[in-house]
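Subject: Handover of a structure and findings

Dear colleague,

Please find below the structure that I am handing over to you. My findings follow directly after it.

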Amino acid sequence: MATPTLKALLSPKGGAAAAVASLVEAMGCTLGIEDASGKPLQGPAAGPARVPITVEDVTLGWATGPPAPAAALASLLTHLAAKESERRALGAEVLHLYREVHLIGRLSEELAAVLDLSAVGESALAQATTLIPASHGGILAMDEPGGPLRSVACFGDPCGGLAPPLEPSSRLVASIVERGIAEIVNDYPGDPRAAESELALRSLMCAPLRAKQRTVGVITLADTAGAPYTSAHLKLLNTIAMQTAAAVENAMASQQLVKREGERQALKLYLPPQVADLILASGGASLLRGELQPITVLYADIRGFTPMSERMEARDIVHMLNEFFTSMSAVIFQYNGTLDKFIGDCIMALFGAPVPSGTAANDALRAAIGMQREMECLNSSRMRRNHPPFRIGIGLHCGPAVVGNIGSADRLQYTAIGDTVNVAARLVAKAKASQIIVSEDLRAAIPDFPGFEPLGEVELKGRVSRMNIYSAGWAASPQ
């Protein structure tokens, strides 16, 4: 706890001076205050009694004077010092949580910009050790799905930048990969899985890098000093591992692309996993040039996210968004959608791209219904864990858009642009909690869906003409 000094507490900014003056006046006697070294801070240097002022087993000083008044003064200063310590501790905790969220956000940005496995590993370890104490660290990853693990980044003697704290052949690594669950071992030399070469490590954490329900690597942090790791350390490492896993999978896809095509400049591009799979299967990147084609665009947004986030701790917000994005992405992939991007608390997905599809509108509607149903399951789980539920609104529109790699010469992103995208974004803004709103064009593309209910004509920002919109009933709709 950040304990204040009596001198700071009694300063004009400390807040205790007025209370002390009022108490001394009420007592009607001479009282003094000394600091921890016995130096007088206020009043006479000595008195009949000398009562300690102690907070968290730390003596800040003494109150001097007649026994009863000195004891009352010591009690007041002890209370005020304790309250100031609590205030400072709370401020430090809030600052630490902000720092965690900021650094994890920066890690996400860094990992999105690199497609080299070593660079991914180095960035992840650098951010991990900013937040978690460690004398050793390493990342083992696969070059291709199902391939053997190899060291892609590490630090700490005797690592020397060449070998991680745990080798790919480690029994603990094998256990983490097999079970897909992170683990803390605070007495590693006593663990039956420890090898002779690993006995210098005392406290250790190891987390799997999980992507699309499979393990693509592991991240390990260790400390030779023996300071124990806690569950808070492990939760943070799991968050870093989740972001690292997505970057590792993108890097794996890109390396396979380079291996088969020899297009080394593709390493500079950020490719969603399903787009990378398409390139590898098609044998060329020409399919990803910007082209005008019919697509369906889905936007899903958390309703009331801003006021809800103001009532939540930073770590709970991160966990909530991770749960939300993970659940919704799985449904989008289930119905052949392409996850375009996350925008704050919003998801954008494309259907009928990169491969044109005659069922894109239907797939998008089924995905929207599936997402609302998945939200019901997610909220049930959250309420069982005493976490607040939340709802989403969804907007759908179909039409022509330019789809492909769009951006600058050195930074491209696979996405869609055009009026179709803009209309879908406007529709999600009108959707209430648990509501799916679709355009007239999408309703016409699925004439046999029985759950459309007209909402009338509305004006949409950026469009001259008004548009008919509909709600899509999903509670009783077939999948």
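I begin with strand β13, of whose 16 residues 12 are buried, so the strand is largely enclosed by the rest of the structure. Please bear in mind throughout that this is a predicted model.

Strand β13 has pairings with two other strands that I would like to describe. With strand β10 (residues 291-302), β13 runs antiparallel, and 12 bridges join the two. Within this pairing, Ala-300 stands opposite Ile-394 of β13. With strand β15 (residues 436-439), β13 pairs in the parallel sense over 3 bridges. Here Leu-396 has Val-438 in β15 as its bridge partner. In general terms, strands of a sheet pair through backbone hydrogen bonds, in either a parallel or an antiparallel manner.

A separate sheet deserves a description of its own. In which order do the strands of the open sheet follow one another? The order is β2-β1-β4-β3, with 4 strands and antiparallel pairing. Its edge strands are β2 (40-42) and β3 (49-55), each of which pairs on one side only. On average, neighbouring strands of this sheet are turned by 35 degrees against each other, direction ignored. Strand β3 is joined to strand β4 (residues 58-65) by 7 bridges, and the two run antiparallel. One bridge of β4 sets Val-58 against Val-55.

The charged side chains come next. How many salt bridges does a search of the whole structure find? The search returns 14. As a general principle, side chains of opposite charge can pair when their charged atoms come close.

One of the salt bridges belongs to the open sheet: Arg-50 pairs with Glu-34, and their closest N and O atoms are 2.9 Å apart. This pair links distant parts of the chain, since Arg-50 lies in strand β3 and Glu-34 in strand β1 (residues 32-35), 16 residues apart. The two partners fall into separate exposure classes: Arg-50 is partly exposed at 46% relative accessibility, whereas Glu-34 is buried, with a relative accessible area of 4%. The cut-off behind this assignment is that a residue counts as buried under 20% relative accessible area.

A further salt bridge joins Arg-382 to Glu-323, with the closest N and O atoms 3.0 Å apart. Because Arg-382 lies in helix α10 and Glu-323 in helix α9, the pair ties together parts that are 59 residues apart in sequence. Both Arg-382 and Glu-323 are buried.

The side chains of Arg-315 and Glu-313 also meet in a salt bridge, at 3.7 Å from N to O. In this pair Arg-315 is partly exposed, with a relative accessible area of 39%, and Glu-313 is partly exposed as well, at 41%. In addition, a network of salt bridges links Arg-179, Glu-183, Asp-191 and Arg-193.

Several points of backbone geometry may be relevant when you prepare the coordinates. The peptide bond from Ala-353 to Pro-354 is cis, with omega near 5 degrees. Pro-354 sits in the loop between β12 (346-351) and α10 (360-384). Which sign does phi take at Asn-336, which is not a glycine? Phi is positive there, at about 65 degrees. Asn-336 belongs to the loop between α9 (314-334) and β11 (338-343), and it is exposed, with a relative accessible area of 57%. Asn-386 likewise has a positive phi, near 60 degrees, in a residue other than glycine. The loop that holds Asn-386 runs between α10 and β13 (392-407), and Asn-386 is exposed, with a relative accessible area of 71%.

On the surface, Leu-292, Val-402 and Ile-417 make a nonpolar patch of about 270 Å². Of these residues, Ile-417 lies in strand β14 (residues 412-417) and is partly exposed, with a relative accessible area of 43%.

Finally, I turn to the cysteines. The count of disulfides comes to 0, where a disulfide requires a pair of cysteine sulfur atoms within 2.5 Å. Among the cysteines, Cys-29 is partly exposed, with a relative accessible area of 23%, whereas Cys-206 counts as buried at 1% relative accessibility.

Yours sincerely

Terms used
Residues numbered from 1 in each chain as written. Predicted model: local features only at pLDDT ≥ 70, side-chain atom pairs only at ≥ 80, totals over all residues. Heavy atoms only, no water. Pairing = 2+ DSSP bridges. Axes fitted to C-alpha atoms, helices over the stretch in contact; angles between N-to-C directions. Patch = residues over 30% accessible without salt bridge, like charges linked within 9 Å, V, L, I, M, F, W, Y side chains within 5 Å. Areas by Shrake-Rupley, 256 points an atom, 1.4 Å probe, with all protein chains shown as cover. Salt bridge = Lys/Arg side-chain N within 4 Å of Asp/Glu carboxyl O. Buried < 20%, exposed > 50% of the residue type's maximum accessible area, 1.4 Å probe, protein only.
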